[in-house]
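The exercises below concern strand pairing, burial and aromatic contacts. Each task is followed by a solution in steps.

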Amino acid sequence: MNHFGHIEIPTKNFEIAKTFFGYVFGWTFQDVPKIEYVLFKAGMKPNGGFFKVKKMPKTNQVNVYIEVKDINATLRKVQKAGGTIIIKKSKVLNMGWFGMFSTPDGCHLCLWQRKD
(Lines give C-alpha, C1' and ligand atoms only; values in the text may rest on other atoms or scores of the structure.)
Protein backbone atom coordinates (compact mmCIF):
# COMPACT_ATOMS: atom_id res chain seq x y z
CA MET A 1 0.00 0.00 0.00
CA ASN A 2 0.86 3.67 -0.33
CA HIS A 3 2.74 3.12 -3.59
CA PHE A 4 2.05 4.35 -7.11
CA GLY A 5 -0.37 1.85 -8.59
CA HIS A 6 -2.01 3.35 -11.69
CA ILE A 7 -1.37 6.13 -14.21
CA GLU A 8 -4.03 7.71 -16.45
CA ILE A 9 -3.22 9.44 -19.72
CA PRO A 10 -5.78 11.56 -21.56
CA THR A 11 -6.47 10.97 -25.25
CA LYS A 12 -8.87 12.32 -27.84
CA ASN A 13 -8.80 9.01 -29.76
CA PHE A 14 -8.31 5.57 -28.21
CA GLU A 15 -7.20 3.91 -31.46
CA ILE A 16 -4.52 6.51 -32.13
CA ALA A 17 -3.28 6.22 -28.52
CA LYS A 18 -3.17 2.42 -28.69
CA THR A 19 -1.33 2.50 -32.03
CA PHE A 20 1.19 5.07 -30.80
CA PHE A 21 1.99 3.56 -27.38
CA GLY A 22 1.83 0.01 -28.74
CA TYR A 23 4.34 0.80 -31.48
CA VAL A 24 6.67 3.04 -29.47
CA PHE A 25 6.68 1.13 -26.17
CA GLY A 26 5.16 -2.30 -26.90
CA TRP A 27 2.24 -1.80 -24.50
CA THR A 28 -0.84 -4.05 -24.67
CA PHE A 29 -4.44 -2.92 -24.17
CA GLN A 30 -7.85 -3.97 -22.88
CA ASP A 31 -10.97 -1.96 -23.79
CA VAL A 32 -13.48 -1.21 -21.00
CA PRO A 33 -16.48 0.08 -22.98
CA LYS A 34 -18.82 0.41 -19.95
CA ILE A 35 -16.83 3.40 -18.74
CA GLU A 36 -15.27 4.51 -22.06
CA TYR A 37 -11.78 3.58 -20.93
CA VAL A 38 -8.80 1.57 -22.15
CA LEU A 39 -6.45 -0.19 -19.74
CA PHE A 40 -2.81 -0.55 -20.72
CA LYS A 41 -0.08 -2.87 -19.52
CA ALA A 42 3.33 -1.30 -19.72
CA GLY A 43 5.21 -4.45 -18.76
CA MET A 44 6.13 -3.47 -15.22
CA LYS A 45 3.99 -1.72 -12.64
CA PRO A 46 2.51 0.75 -12.45
CA ASN A 47 0.23 0.14 -15.41
CA GLY A 48 -2.64 2.44 -16.27
CA GLY A 49 -5.32 3.55 -18.63
CA PHE A 50 -6.43 6.08 -21.21
CA PHE A 51 -9.40 8.35 -20.50
CA LYS A 52 -11.22 10.15 -23.30
CA VAL A 53 -11.24 13.94 -23.60
CA LYS A 54 -12.75 16.22 -26.23
CA LYS A 55 -9.94 18.72 -25.85
CA MET A 56 -6.54 18.10 -24.32
CA PRO A 57 -6.33 19.77 -20.88
CA LYS A 58 -3.68 22.45 -20.45
CA THR A 59 -2.87 21.31 -16.89
CA ASN A 60 -3.18 18.10 -14.89
CA GLN A 61 -2.94 15.98 -18.02
CA VAL A 62 -1.69 12.78 -16.38
CA ASN A 63 -3.38 11.34 -13.28
CA VAL A 64 -1.15 9.39 -10.91
CA TYR A 65 -2.87 7.05 -8.40
CA ILE A 66 -1.51 6.10 -5.00
CA GLU A 67 -2.95 2.79 -3.75
CA VAL A 68 -4.26 2.99 -0.18
CA LYS A 69 -6.18 0.69 2.17
CA ASP A 70 -8.84 3.28 3.09
CA ILE A 71 -9.54 6.34 0.92
CA ASN A 72 -11.72 8.06 3.53
CA ALA A 73 -9.04 7.75 6.23
CA THR A 74 -6.39 8.99 3.81
CA LEU A 75 -8.51 11.98 2.74
CA ARG A 76 -8.98 12.93 6.40
CA LYS A 77 -5.19 12.90 6.79
CA VAL A 78 -4.86 14.99 3.60
CA GLN A 79 -7.14 17.65 5.09
CA LYS A 80 -5.35 17.61 8.47
CA ALA A 81 -2.05 18.11 6.63
CA GLY A 82 -3.38 21.16 4.74
CA GLY A 83 -4.46 19.51 1.48
CA THR A 84 -7.84 19.83 -0.24
CA ILE A 85 -10.27 17.11 -1.30
CA ILE A 86 -11.21 17.52 -4.96
CA ILE A 87 -13.21 14.29 -5.47
CA LYS A 88 -14.58 12.28 -2.54
CA LYS A 89 -14.46 8.47 -2.54
CA SER A 90 -16.24 7.37 -5.74
CA LYS A 91 -17.02 3.85 -6.95
CA VAL A 92 -15.62 2.49 -10.23
CA LEU A 93 -17.80 -0.39 -11.43
CA ASN A 94 -17.05 -3.43 -9.25
CA MET A 95 -13.29 -2.75 -9.29
CA GLY A 96 -12.83 -0.36 -6.38
CA TRP A 97 -12.96 3.34 -5.49
CA PHE A 98 -11.01 6.46 -6.35
CA GLY A 99 -10.63 9.95 -4.97
CA MET A 100 -8.63 13.06 -5.83
CA PHE A 101 -6.89 15.66 -3.69
CA SER A 102 -4.47 18.54 -3.98
CA THR A 103 -1.40 19.07 -1.86
CA PRO A 104 -1.00 22.35 0.06
CA ASP A 105 0.92 23.78 -2.90
CA GLY A 106 -1.71 22.71 -5.48
CA CYS A 107 -0.41 19.44 -6.97
CA HIS A 108 -3.31 17.12 -7.89
CA LEU A 109 -2.97 13.40 -7.09
CA CYS A 110 -5.43 10.51 -7.04
CA LEU A 111 -6.09 7.67 -4.62
CA TRP A 112 -7.17 4.11 -5.42
CA GLN A 113 -8.71 1.58 -3.04
CA ARG A 114 -9.13 -1.93 -4.44
CA LYS A 115 -12.28 -3.88 -3.84
CA ASP A 116 -11.18 -6.84 -1.75
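**Exercise 1: Strand partners**

Met100 stands opposite Cys110 in E8. The model used throughout is a predicted one.

Task: state which residue of E6 has Met100 as its bridge partner in E7, and how many bridges join E7 to strand E8.

Solution.
1. Ile87 has Met100 as its bridge partner in E7.
2. E6 (residues 84–92) pairs with E7 in the antiparallel sense, over six bridges.
3. E7 and strand E8 (residues 108–114) also run antiparallel, and seven bridges join them.
4. Three residues lie between E6 and E7 in their hairpin, and Leu93 in that turn has a positive phi of about 45°.
5. The hairpin of E7 and E8 has five residues between the strands; there Gly106 takes a positive phi near 100°.

**Exercise 2: Burial and contacts**

Task: decide whether Asn63 is buried or exposed, and list its contacts outside its neighbours within four places in sequence.

Solution.
1. Locate the residue: Asn63 belongs to strand E5 (residues 63–67).
2. The relative accessible area of Asn63 is 13%. The cut-off for buried is under 20%, so Asn63 is buried.
3. With neighbours within four places in sequence left aside, Asn63 contacts His6, Ile7, Glu8, Phe51, Met100 and Cys110.
4. Two of these contacts, Met100 and Cys110, are the residues that stand opposite each other in E7 and E8.
5. Strand E7 (residues 96–102) is itself mostly covered, with five of its seven residues buried.

**Exercise 3: Aromatic rings**

Task: classify the ring pair of Phe21 and Phe25 as stacked, edge-to-face or tilted.

Solution.
1. A pair of aromatic rings is described by the distance of the centres and the angle of the planes.
2. Rings pair if their centres lie within 6.5 Å, and planes under 30 degrees apart count as stacked. By this rule there are eight aromatic pairs.
3. For Phe21 and Phe25 the centres are 6.0 Å apart and the planes are at 25°, so this pair is stacked.
4. Both residues lie in helix H1 (residues 14–25), four residues apart, which is about one turn of the helix.
5. Phe21 has a relative accessible area of 15% and is therefore buried.
6. Phe21 and Phe25 belong to one aromatic cluster together with Phe20, Trp27, Phe29, Phe40 and Phe50.

**Exercise 4: A charge over a ring**

Task: name the residue that lies over the face of Trp97.

Solution. Lys89 lies over this face, at 4.7 Å from the ring centre.

Conventions. Residues are numbered from 1 along each chain as its sequence is written. This is a predicted model: local features need pLDDT of at least 70, side-chain atom pairs count only at pLDDT 80 or more; totals for chains, interfaces and linings use all residues. Side-chain values use heavy atoms; hydrogens and water are left out. Rings of Phe, Tyr and Trp (its six-membered ring) pair if their centres lie within 6.5 Å; planes under 30 degrees apart count as stacked, over 60 as edge-to-face and the rest as tilted. Helices (H or I, at least four residues) and strands (E, at least two) are DSSP runs, numbered from the N terminus. Buried means under 20% relative accessible area, exposed over 50%, partly exposed in between (1.4 Å probe, protein chains only). A charge sits over a ring if NZ of Lys or CZ of Arg is within 6 Å of the ring centre and within 35 degrees of the ring normal. Contact means heavy atoms within 4.5 Å. Two strands pair if DSSP finds at least two bridges between them.
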